[in-house]
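Biologist: I'd like to go through this one by asking how each label is earned. Ready to defend your terms?

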Amino acid sequence: FPTRRSSDLTAETGTTPQPRRPLQVDLSQFSGTRYLREYPPAFDWLLDKSFRLNCLGAIVGPPGAGKGSLAIQLCVAVASGTSLVDAWHTAAPEPVVYLSAEDDALTIHRRVHHALEQLPEDLREQAAANFYGIPVHGGVNLCRAIGGTVESTANYEDLRNILDAIRPRLLVLDTLARFSGVDENDNPAMTAFCGLLEGLIDAYGCNIILLHHSNKTSGDLIEDPKELAKALTQTAMRGASALAGCIRWGMLVAPLGAALAQKRIGESATGKYDGAFLAVRVGKKNSGGPEPRYYLGRNEHGLLYRVDPDARQEENDVIWDAHQLAEEVERRQRAGEKPLSATKGGQEAFGWGISRSNRARERAVQMGLVIEIRTPGKKGKILSVPPPSSESSDSSEHPGT
C-alpha cells in the first residue's frame, strides 16, 4: 500500500485524490490479535436487542396484512423514543422518513394522525416534529438495469436531497417493488440495489426498512396452525435469495383467519372478522437471540396493539408436537430407518422451523417420550425411544438424558 498521503500527491500533481477502494485497508486494524486484546464494544440498537443501528431491514407480509400500519407505528416509536406495541423498545427520539408509493396523502395523514394521538400528550409535539410521511406517485425507481449493470437514477439523487435535509435515523420505503426498479428475482440486480441502500446507510448513519410482499406459498390469510410457522420464517419472503441475504433484520407479518385467531388468542378474538388479528415475528436477525412470536389486534383506526395468546392453546400445541415427534422416532426405530437428529428432528421429519422443532424435542424429553443418545463414532446426538425400564438403565450410556 502507498505510504504517501493523497493530499501530498494532490499538491504535487494537481489531480483530485481517488476514494479509497474497499480492499485498501490497514491490516493491523483487522487482525485477530487486535480482536483478542481489545474488548468488543456493546452494540447500538434501533430496536433494543433486535435491530442494530445502521442496518438494512425488511417488513414482509401479504397485501393488506398491516405492514404499512406497523411501519408507521414503528416510525412513531422511533420519533418519540417509545416502544413499538409494547414489544420492541427504542432509544432517544430521532427523525424518521416514511416514503410510500402505495398510499395517498389522505391515507398517510389519517394513519399518522391517529398514531401520534395515541402517544402521551407530552411526547406528541416532539414526535410530530421528527416525523415526515411523504406519498410519492409515478415512477420512483431508485435504480435501473442497463446492459447487465445496475445504475442509480435521478430519484436516487432526489432521495439523497431529502436525507440531507432531514438526517433521519430511520427511512422506510413502501414498497420494495415500487422503489427498486429491477427484477426482484434477479440475484445480481437485487444485490446491487441493496448495495445502493447500504451506501445511503453509510453516508447518513440511518437504518432503512423495506416493506415487501411475501411469496404465494404463505397465502394472504393464514387459517392453519402449520402454515403459520411457515409464514413467519424468512423463507416466506418473495423474490431473489440475495434479498434475504442482504437484509440484516426481517420482521414477518401473517394475518390470521377468524377461526385460527380465536384458537390462538381466545375469547377476545371471538366473533371478529378474518384479518382482525395478525401474528408477527422477527424471523431474521444477525445479532441477539431468537425472538418470540407476538399477536396483534387492530383498533377502529387500524392501529395495531399487542394481545396475549391463549397460554393453554400454546401449551397444547407443544404437547401435540412432542407426541408427533415421539411417534415418528418410534416408527423409524421399528422400521430400521435412519434415526432423527436430536437437534433437527422436527425439521427432518415434518419440515418444522427451528424453534418449533426445539420446543417439541425439549417437551418430548421432559415428558419421557424420547431420550437423546450419542452414537459411537458419530457427531451429535440422535433421538430414541426410552428403554423399557428407565430405572434399570445406566445413565452413563445415555449422556443426553
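Modeller: Let's start with helix α6, residues 154–166. Its buried residues pack against β6 (96–100), β7 (131–135), β9 (149–152), β10 (170–174) and α8 (187–204). Packing here rests on contact, meaning heavy atoms within 4.5 Å.

Biologist: What kind of model is this, and how are the residues numbered?

Modeller: It's a predicted model, numbered from 1 along each chain as its sequence is written. Local features need pLDDT of at least 70 and side-chain atom pairs count only at pLDDT 80 or more, while totals for chains, interfaces and linings use all residues, and side-chain values use heavy atoms, with hydrogens and water left out.

Biologist: What makes a stretch a helix or a strand?

Modeller: Both are DSSP runs numbered from the N terminus: H or I over at least four residues for a helix, E over at least two for a strand. On that count the chain has 14 helices and 17 strands.

Biologist: How do you know that the span of α6 agrees with its 13 residues?

Modeller: The expected span is 1.5 Å times one less than the number of residues. For α6 that should be 18 Å, and the end C-alpha atoms sit 19 Å apart, which agrees. Helix α14 passes as well: its 13 residues should span 18 Å, and its end C-alpha atoms are 18 Å apart.

Biologist: Which residues of α6 are called buried?

Modeller: Y156, L159, L163 and I166. Buried means under 20% relative accessible area, exposed over 50%, and partly exposed in between, using a 1.4 Å probe and protein chains only.

Biologist: Why do you say that the buried residues of α6 line one face?

Modeller: Looking down the axis, they fall within an arc of 90 degrees, so they line one face of the helix. The arc is taken over the directions from the helix axis to the C-beta atoms. An α-helix has 3.6 residues a turn, so residues three or four places apart point the same way. Turned away from the buried side of α6 are the exposed residues A154 and A165.

Biologist: What backbone oddities turn up around here?

Modeller: Most residues other than glycine have a negative phi, and most peptide bonds are trans. R167, just after α6, takes a positive phi of about 50 degrees. A cis peptide bond joins D174 and T175, with omega about 5 degrees; T175 is in the loop between β10 and α7 (176–180).

Biologist: Why is K49 called exposed?

Modeller: Its relative accessibility is 53%, so K49 counts as exposed. K49 lies in the loop between β1 (45–47) and β2 (51–52), with a positive phi near 60 degrees.

Biologist: And why is N54 called partly exposed?

Modeller: N54 comes in at 40%, so it lands in the partly exposed class. N54 sits in the loop between β2 and β3 (56–61), and its phi is positive too, about 60 degrees, although it is not a glycine.

Biologist: What makes R111 partly exposed?

Modeller: A relative accessible area of 25%. R111 is found in helix α4 (residues 105–117). Leaving aside neighbours within four places in sequence, R111 is in contact with G68, S69, I72, D103 and L303. R111 and S69 are 42 residues apart in sequence and 7.1 Å apart in space, C-alpha to C-alpha.

Biologist: What makes an empty space a pocket rather than a cavity?

Modeller: On a 1 Å grid over the protein atoms alone, a cavity is a set of points where a 1.4 Å probe fits but cannot get out, whereas a pocket is an open set with protein on both sides within 12 Å along at least five of seven lines. Lining residues have an atom within 4 Å of a point. Points are joined across faces, edges and corners, and the volume is the space filled by probe spheres set on them. By that reckoning, the largest pocket holds about 1000 Å³. Of its 39 lining residues, R281, R293, S355, R356 and R359 are closest to the centre.

Biologist: Which helix gives the most to that lining?

Modeller: α12, with 8 residues.
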